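Visitor: I have a structure open and would like to learn how to read its charged pairs and its chain contact. Could you walk me through it?

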Amino acid sequence: MQSIDPTGIFDLPNTSLIFWEVITFAILLALLYYFVYPPIKNQIRQRQQSIEQAIDEAEKTRKEARKLLQEYRQQIQEAREEAREIREEARQQGQAQRERAKKEAREEADRIIKRAQEEIQRERESALREVRQEVAGMVMQASEQIIGRSLDRDEHERLISRSLDELEAEVAGAGSGR
Amino acid sequence: MGFKLVLAQVSQEELRHEILHTWEARDAWKIPLQIGSIDISINKAVWFLFLGAALTFLILFIGSRALKNRPGAYQVIVEDTYGFGREFLGGQVGQEGMKWFPYTLSLFVFILVLNIIGLFPNSYPVTSNISFTLVLALLTFILTQYMGIKKNGAGKYFKSWTPPNLPAKFIMAPFMWFLHLIQEFSKPLTLGLRLYANILAGHLIIFVFLGLILYFGSFLAIVSVPMAVVFFAFEIFVAILQAYIFAILTQVYIELAIYAEH
């Protein structure tokens, strides 16, 4: 078929171009639809998935980190609290210890003093008793020698004891009267 | 044609040949073939058609084979081309149209590659051939009508051509339907002509500016060459723009037919 335009700028109909265009374009479309678009589509979808996954993971990690931080802060707070308690307790214990030690020392001292007083008392009493017996013995001996006969020992001792008591009472009365 | 230019160094006939030589050489690189009485010879235009199709396929194919999870620059270009098709071509009217974006994306890349190839000197800009553009537009037309009928049913689809709530319905309805019919045919016609005219005009302007040098003398190169360069740069822009317009209009026409009822 002859073209209606000899210059070729209005090239209608160019049967060979039309024929080959239809064939070429059909083949091109088939190739693109089968070999090009599916892998690109897959690749884009895959990347999208991996990006979404990465975002999710990052979100999760951030949440975890925040939780951990919270936990640590709480732990530090608790540790401080505990340290304060321990210190307080130690202080109180120390105080109690000191009090107890003081009290014990005082008690001990009291006990020692008391014992010493008792000892003194005992010593004095025994000394007194000895002196008394001595005096009684001496008085009896002297009396025997003077009288020349032995006195009834028990009677005698009773007499001496009474006079000694009287003496003691006198001494005590004089002592307290002063 | 009758008047003579004093400075003419070439005849008007020769000048016209220089300007139009790209389109006049229809029998260049020819392998004669025929089916019956129909000429299907492989000529220069067909060779460049093949070249364009091959390049279109290879650019996208290599990009789709070398896919990695951490993409290089080339992969990004190919993926972004696909993403561009998905986001800017598909789904103009509704989600149903998304199915067609691979087709219009193929059209876009194919026309773009042919446009760019046509910019190389001594090549043949296939998209400046009206036979080529009208056939692509005819494909758009066929797909549009096919999808319209398939999605809506023939009755509803053709009925949707008359807008609802017309006054004086008995007279207006057939009239409006007829107008729409004309519109349906003018759509692919303008689609084909727009691409053809833009690419042809761009190339012609460059050749005309350069042809002026032949006609008026080499001093005009001071004006002609910069102008030709400017228009050449503009042609690169037009090459992208027209490919995009052709693709997006095809997409819109198909989607409008799918959603004809709404």
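Visitor: How far apart are E13(B) and R16(B) in helix α1 of chain B?

Guide: This is a predicted model, so let us read it as one. E13(B) and R16(B) are three residues apart in helix α1 (residues 12-24) of chain B, which means that about one helical turn separates them. Side chains of opposite charge can pair when their charged atoms come close. Here E13(B) and R16(B) form a salt bridge, with the closest N and O atoms 3.5 Å apart. R16(B) is partly exposed, at a relative accessible area of 38%.

Visitor: Which residue forms a salt bridge with R62(A)?

Guide: The partner is E59(A), and the closest N and O atoms are 3.4 Å apart. These two sit three residues apart in helix α1 (residues 15-147) of chain A, so about one helical turn lies between them. R62(A) is partly exposed, with a relative accessible area of 48%, and E59(A) also counts as partly exposed, at 37% relative accessibility.

Visitor: And what about E81(A) and R84(A): what do their side chains form?

Guide: They meet in a salt bridge, at 3.6 Å from N to O. Again the spacing is three residues in helix α1 of chain A, or about one helical turn. E81(A) is partly exposed at 35% relative accessible area, and R84(A) is partly exposed at 45%.

Visitor: How many salt bridges are there over all chains?

Guide: A search of the whole structure gives eleven. Some charged residues are joined in a network of salt bridges: E96(B), K99(B) and K151(B) are linked this way.

Visitor: Now the chain contact. How should I think about the size of an interface?

Guide: It is often given as the accessible area lost when the parts come together. For chain A and chain B the buried area is about 4000 Å², with 69% of it on carbon and sulfur atoms. Chain A brings 36 residues to the contact and chain B brings 52 residues.

Visitor: How many salt bridges cross the interface of chain A and chain B?

Guide: The rule finds one. It joins the side chains of E79(B) and R47(A), at 2.7 Å from N to O. Across this interface there are also nine residue pairs in polar contact, both residues being at pLDDT 80 or more. On the side of chain A that touches chain B, the residues by class are 22 nonpolar, nine polar and five charged.

Conventions: Residues numbered from 1 in each chain as written. Chains lettered and ligands numbered in written order. Predicted model: local features only at pLDDT ≥ 70, side-chain atom pairs only at ≥ 80, totals over all residues. Heavy atoms only, no water. Contact = heavy atoms within 4.5 Å. Buried area = accessible area lost by both parts, 1.4 Å probe. Salt bridge = Lys/Arg side-chain N within 4 Å of Asp/Glu carboxyl O. Polar contact = N/O pair within 3.5 Å; in protein donor to acceptor, adjacent residues only side chain to side chain. Nonpolar A, V, L, I, M, F, W, Y, C, P; charged D, E, K, R; others polar. Helix = DSSP H or I, 4+ residues; strand = E, 2+ residues; numbered from the N terminus. Buried < 20%, exposed > 50% of the residue type's maximum accessible area, 1.4 Å probe, protein only.
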